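Here are a few short exercises to work through at your own pace. Have a look at the model first, then try each task before reading its solution.

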Amino acid sequence: MAFQTVFKRYELKYMLTVRQKEMVLRAMHPHTALDQYGRSSIRNIYFDTGNYRLVRRSIESPAYKEKLRVRGYGAAQPDDTVFVELKKKYNKIVYKRRICLTEQDAMDWVLGKRDCSKDTQISREIDYFMNYYGGLHPAVFLSYEREAYFCEEHPDFRVTFDDTILCRRQDLSLGSDAYGTELLPEGA
């Protein structure tokens with residue numbers, strides 16, 4: 001199966017109440033449909049330096065920021081497909097480059113246990129990022145349930161709704177259960 005590896009998106013994020021989401025869905029209904037993934041469970045492990053340089057920079061809301069994560073859909077076993085993603089944001093435009101690997105190969109590569117099993121432009125960019133920041137380690141697990149819609153007239157336009165957003169700093173494995181501290185307030 002072929003996966004998209006390069007993305008350029010304008011991302012606008014809003015926190016909605018359940019009622020507001022229902023109203024948006026009603027307004028979207030004539031123009032959108034669930035995309036091929038529909039509702040899915042997304043699990044991420046974000047990597048950072050020992051002094052959390054990447055997240056500290058992100059919190060500052062600069063014009064440019066970047067991050068590295070490994071993403072899976074549902075609980076990932078060692079032979080399941082996951083994505084190593086380099087995500088950059090510049091002037092509110094998100095650029096994402098990713099490579100598809102097994103969970104075992106992805107984690108071994110990002111943890112510095114072995115080279116990437118695929119020699120591509122994207123793997124070299126991720127290698128550069130890892131070398132530049134040096135000593136990256138798994139820093140946080142973030143999971144959520146996502147509903148994804150696309151516009152039938154404009155298939156590049158997507159709307160996603162994330163809920164049950166959970167975060168933790170221990171048991172940083174894509175194969176573990178989705179649990180942790182809820183990040184959304186009650187009713188959002």
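The exercises below go from the order of elements to the sheet and then to the overall fold.

This is a predicted model, in which local features need pLDDT of at least 70, side-chain atom pairs count only at pLDDT 80 or more, and totals for chains, interfaces and linings use all residues. Residues are numbered from 1 along each chain as its sequence is written.

**Exercise 1.** List the secondary structure elements in order.

Solution. Start with the count: the protein has 4 helices and 8 strands (DSSP runs, H or I of at least four residues for helices and E of at least two for strands, numbered from the N terminus). Then read from the N terminus, which gives β-α-β-α-β-β-β-α-α-β-β-β.

**Exercise 2.** Work out the strand order of the sheet and find its edges.

Solution. Two strands pair if DSSP finds at least two bridges between them. Following the pairs, 8 strands form an open antiparallel sheet, ordered S1-S5-S4-S3-S2-S6-S7-S8. Its edges are S1 (6-10) and S8 (181-182), each pairing on one side only. Now zoom in on S1: its antiparallel pairing with S5 (residues 93-102) runs over 5 bridges. Within this pairing, Lys-8 has Tyr-95 of S5 as its bridge partner.

**Exercise 3.** Why does the radius of gyration agree with a compact globule?

Solution. Take the rule first: 2.2 Å times the number of residues to the power 0.38, with the radius taken over C-alpha atoms. For 188 residues this gives a value near 16 Å, and the protein has 17 Å, so the two agree. Finally, add the spans of the C-alpha trace along its principal axes, about 50 × 35 × 35 Å.

Methods. Side-chain values use heavy atoms; hydrogens and water are left out.
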